[in-house]
Structure formats: C-alpha cells, structure tokens
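Trainee: I would like a close look at one part of this structure, with enough of its surroundings to place it. Please take it slowly, and tell me what your terms mean as you go.

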Amino acid sequence: MAEEKKPGFFSRLFGGKTAPAPDAAAEPALPASIAPVPGGFGIDGAPVRPAEPEPAEPEPVEARTAEPAPAAPEPAEAAPAIVATPREPEARAAEPVVPAPAPTPPLPPAPLAARAVEPAPVPPPAPAPKQSWFQKLKAGLSRSSGAIGTGIVAIFTKRKLDDETLEELEDVLIQADLGVATATAITKRLAAGRYGKDVTDAEVKGVLAEEVEKVLAPVAAPLVLDGALKPHVILVVGVNGSGKTTTIGKLAAKYRAEGRSVMLAAGDTFRAAAIDQLKVWGERTGVPVLARPVGSDAAGLAFDALTEARAEGRDVLMIDTAGRLQNKAELMAELEKVVRVIRKVDPTAPHSVLLVLDATTGQNALNQVDVFGKTAGVTGLVMTKLDGTARGGILVAIAQKFGLPVHFVGVGESVDDLEPFAARDFARAIAGLE
Ligand SMILES: Nc1nc2c(ncn2[C@@H]2O[C@H](COP(=O)(O)OP(=O)(O)OP(=O)(O)O)[C@@H](O)[C@H]2O)c(=O)[nH]1
C-alpha cells in the first residue's frame, strides 16, 4: 500500500498547488467484496459452490470438551491476607546473668520531638479501588498520550502559534500514527482561531480530543448479535499473535455473563498451543470448545461446529482461525474456504467477521485492514494491545481511511480488559484529558 504523503504545510493551510490531504469523505469506497451482501458477507464475489466436497462426510470430532456447568460466579475479591505480626520475644528465662553495670547518671529528658513515641498501629492496606473502564483505557493509552503530550508541551512552552510550531505539532501527531488527514485537521483548526497568539498545551489537547472524536464517532459501533440466529456465527481473523484467541475468550466470558449460550471452534489447527489456549478459555468461561488435532482441516471443523451449534440451538458460535500473513495467498485462500464451507450449513454465515488488529504494529495495521477486508469480508474491527504501544493513534488513521465499525478495544490480557469501543473515551484518553 502506498505510503501516505505529507503535503507541504503552507499548501495545506492556505491552499496551493499541492494536493490537499486526503479527505475521509473522498476516500475510495470499500471494495464491493467487503460490503456485506444481502444474506451474507462478500468474500470474493464468487457464487457459492453447491457441491463442495470438503465437508460431505464430517470428520468425527476428536476432542470436544464436555459442556461444563454454567459459568460459576466470579470468585469474590480475595480478602486481604491477615499477616500475623511476630510478637516480641518474651523475656528469656535462662539468659546468662550479666553483672549489672555501674549506675550512670540519669540523662536529661529528651526534647519532646525526639522522644520515642509509641508507633500508631498501621492500618492494613485498603484494597485497591476497582478502576473504571475509562481509567483503565487512559492508563493503557498512557504511552500514546504521553508521547503526544510531551511533544505538545515541548512545542508550546513559551511559544506562539505560528507556522513553525504548527508544523512541529503536525509532525508529532503524524509520528503518533494519527494519520496526515487528522493531523492536518487539528493544526488547521488551531490556526483558524489562534494564529499568532499564545496557546496553552491544554487548549491544543482539547482541540486534539475534539477532532479525534469527530473521526471516531461514526465508526464506534457495538457488535450487535442477532438473537433470531441460532447461532450468530462470528469468524475471527487476523495475523499471527494479534490477539484473536484471547479476544474470543474475553467475548465468550461477556456473552456467558449476559446469559447467552456460546460455542467455540478451535479453527487455528496450525498450532497446538492455540488449540490448548482456546480450551483453557472454554474451561474458564464454561463454554464448550470443538477442537481437533493439529493439522486437521479447519474448514471441516468449522462445518461440524456450526452443524452442532445449530442442532443445540446455541446463540453464538465463535470460530478461531489460524494467524496468517496477509501476503500469503494460499493462507488467505484457506480462509475463503472456511467461509464457503460454513455457508453450506447456513448460507448467511458468517454473520460477523471480526478482524483483530494489534495496535503495536502501527502503520502495518492499515495494510492488514486492506487485505483482510478484501479477502475475508471483514465486518468490524477489534484493536488489542493498546496498552503496549505509543502507536494507539493508528486506530484514528484506520477509522479515517476505511470507516469500518470498531467494536472493541483491548488494553490488557485479562478477561475484563476488553470493552466496547467508545469514541469520546478514546479521544480524551489519547489526548491525555480527564
Ligand atoms: N498487553 C496485551 N496483551 C494482549 C492483549 N490481547 C492479547 N494479548 C496477548 O497477546 C498474545 C497473543 O494473543 P493470542 O490471542 O494468542 O493471539 P492470536 O492472534 O490468537 O495468535 P496466533 O494463535 O499466533 O494466531 C497473548 O500473549 C495475549 O495474552 C491486549 O489487549 N493487551
């Protein structure tokens, strides 16, 4: 994919020969293959083949974890451990007798402040208050907001808003992966009202948050499950290690907590560790996992999983897939096969195709959305690992460029570190505002 070219600052600010920065509205529409098609999701535009041989004889399921009992309620917060304070040893009876030293003259009383005071009993540490999601998001995004905030403060300390400072600000924003279009929108807006004036870093952050929210608000969309579908099939795709399996586990926990009946399919048949990882999430969340040995046919497994989930009237089936490099044609073709095959059971499946993106990959994530969008008919995004990077701004660039719904963001590995995406929270957190 072509690199975004940053046009000259003057041209962008006051108009000139240079082409203007890309405008979200003027972005080329998504390829038709990405757009949902009636009754299904465009994958490659090819008609569904009626007599695909692959799943004709569904393989017997080798490993299927027994349906565990409904998820046990979360264990209550562990009570703080009571730490026994060792007592002062009692006066020892058999101490050797030491001759009493010669009496010394009594010391004058110590000044009040210096006298040994009986230490006040130390109260046990209060359990850390549970962080709100915004606090967690803010903490997770602190590397991204820190990089931007430090840049803003460095630029605007004792300096006016002029061409030079605006140019420097734009560089900071582009380096934070926000994208040229958003960076330009922010500097333009600042220049419009405050050119030549002193400006505080708080003002700049305020404008940043507002502009970022404008870009993100249209894409912040919950993942809506269709209750009439039994099951609603969610196919989860993405490159290796982006967080697909973990995301499935976290979503399984959420859906179970909402009282939905869920099934998971361990479609990453390339890696034993991925299969085991999904089984662990299944046990943890009380959700059955359909799995087969490494090397099994992923499409056949998906077919069987859907057949079974249907027979059992499950609400949701989430299908994990092997991580694949977006530039490996044969792997992408295999993903298409999974989709073709599950459509034999339900021609409208998959009902959601979630692309899981690792925020730490920065600009590369743009390429992933492009390729997976064309190949797998991505219907929505999940961005993980916002806690591990200063490049969280990439979500803004992706929203600007593709306009695909963003359903969830992840800021950690544990089960409650994934939450629905909220544009305003994200915008304020990345700007470092409360
Ligand atoms: N810090 C952090 N780590 C995460 C987050 N989401 C997932 N991870 C971790 O990222 C690593 C990879 O996650 P997986 O879920 O195994 O990724 P995957 O896409 O299934 O990987 P493959 O099976 O290799 O395709 C694991 O160690 C996860 O715990 C997140 O939001 N923040």
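Mentor: Let's start with β4, which pairs with strand β7 (residues 316-320) in the parallel sense, over five bridges. Helices and strands here are DSSP runs numbered from the N terminus, with at least four residues of H or I for a helix and at least two of E for a strand. Two strands pair if DSSP finds at least two bridges between them. Keep in mind that this is a predicted model, where local features need pLDDT of at least 70, side-chain atom pairs count only at pLDDT 80 or more, and totals for chains, interfaces and linings use all residues. Residues are numbered from 1 along each chain as its sequence is written.

To find one rung of that pairing, go to I234, whose bridge partner in β7 is M318. β4 also has strand β8 (residues 352-358) as a parallel partner, joined to it by four bridges. There, V237 has L355 of β8 as its bridge partner.

Now look at the cover around β4, residues 232-237: six of its six residues are buried. Buried means that 20 or more other C-beta atoms, placed from the backbone, lie within 10 Å of a residue's own; 12 or fewer would make it exposed, and anything in between partly exposed. In a regular strand, side chains alternate between the two faces of the sheet. In β4, H232, I234 and V236 point one way, while V233, L235 and V237 point the other way, and all of them are buried. Across the protein's 434 residues, 42% count as buried.

The loops leading into these strands deserve a look too. P231 sits in the loop between α6 (201-216) and β4, and the peptide bond to it from K230 is cis, with omega near 5 degrees. In the loop between α10 (329-345) and β8 you will find P350; the A349 to P350 bond is also cis, with omega near -5 degrees.

Two other loops hold non-glycine residues with positive phi. D177, between α4 (163-175) and α5 (180-194), has phi near 70 degrees. D177 counts as buried because 25 other C-beta atoms lie within 10 Å. K385, between β9 (380-384) and α12 (394-402), has phi near 60 degrees. With 25 C-beta neighbours inside 10 Å, K385 is therefore counted as buried.

Next, the ligand. It is surrounded by 22 residues, the closest being G243, T245, T246, G323 and G410; a residue belongs to this shell if its C-beta atom, placed from the backbone, lies within 6 Å of the molecule. α7 (244-257) and α8 (272-285) each supply at least two shell residues, and α7 gives the largest share, three residues. By type, the shell holds two nonpolar, 13 polar and seven charged residues. Here Ala, Val, Leu, Ile, Met, Phe, Trp, Tyr, Cys and Pro count as nonpolar, Asp, Glu, Lys and Arg as charged, and the others, Gly among them, as polar.

Finally, the wider setting: the protein has 13 helices and eleven strands. Among its contacts with a separation of 6 or more, 79% join residues 24 or more positions apart, a contact being two C-beta atoms, placed from the backbone, within 7 Å.
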